[in-house]
Amino acid sequence: MNDIAPLLFALGTASLLLSLKMSSAARSMRLRYGLPDGDALYSDLSGSGKILRSERYGLTGKPDYIIREGRYLIPVEVKSTEAEEPYRSHQLQLAAYGLIMEDICRRDVPYGYLVYGNRRYRIEINDDLRAEVLRALDDMRRTLRKGHAHRNHSQKARCARCSFRTGCKQAL
C-alpha cells in the first residue's frame, strides 16, 4: 500500500495541474475573444468542430462557438476584423446558424453574438431576420440553378479562403 501512495499522489497532482491549465486556457480564450459567460458546448475556432446540418432548411454550418445561457443555446461568431457596427452579412450568417440550431435542437434561438476585434454585439434573431436569411437562401439557390453566379468582390485574401475556389472560373 505504501508503494502505491506516491503514484496516486503523482497522478492526482498531474490531474489537478491539467485541469488548472485547461481552465486557464478557457479563461484566456474568453478574455481574448470577448466571449460571454456561459458554458461552451461547441467550438470550431480550431477548425475541428462538427458540421451542423439542417434538413429542413438545407443548410450546413460551423459556428465558432455554441454556448448555453440559461435555458438557451446561443451561437457565437468571432471575426478577426474590427467593426463600429455589425456587418449585415455577418448578422445573416449568425441567424443562419440560429436556424440550423433550432432545427436540430427543436428549441428557440432568440439571439447570438458577433465578436469583433474591438467589441461584441448581441444580435436578436427575430422573425424578420430569419425571413431575410430564407429569402437570401432562395435567391442563392435560384442563381445557382440558372448557372451564372458571379463573383462580387475583388479581395484576394477572401477569394483564397473561399470554399468554391477550386471550381470557380472567376478566382483571383
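**Strand E5 and its neighbours**

Hi everyone, let's start with contacts, meaning heavy atoms within 4.5 Å: in this protein, residues 24 or more positions apart account for 54% of the contacts with a separation of 6 or more. A word on the source: this is a predicted model, where local features need pLDDT of at least 70, side-chain atom pairs count only at pLDDT 80 or more, and totals for chains, interfaces and linings use all residues. Residues are numbered from 1 along each chain as its sequence is written, and side-chain values use heavy atoms, leaving out hydrogens and water.

The protein has 4 helices and 7 strands. Those are DSSP runs numbered from the N terminus, helices being H or I with at least four residues and strands E with at least two.

Now, of the 172 residues, 31% count as buried, which is under 20% relative accessible area with a 1.4 Å probe, protein chains only. How does strand E5, residues 72-78, fit in, and how many of its 7 residues are buried? The number is 6, so E5 is largely enclosed by the rest of the structure.

Next, its partners; strands pair if DSSP finds at least two bridges between them. Strand E4, residues 65-69, runs antiparallel to E5, joined by 5 bridges. One of the bridge partnerships is Glu69 with Tyr72. This hairpin has 2 residues between the strands, and Gly70 takes a positive phi near 65 degrees.

E5 also pairs with strand E6, residues 111-115, in the parallel sense over 3 bridges, and Glu77 has Leu114 as its bridge partner in E6. Between E5 and E6 the chain crosses through helix H2, residues 88-105, in a right-handed β-α-β crossover: with the strands pointing away from you, the path from the first strand over the helix to the second runs clockwise. Thanks for listening!

Note on methods. Buried means under 20% relative accessible area, exposed over 50%, partly exposed in between (1.4 Å probe, protein chains only).
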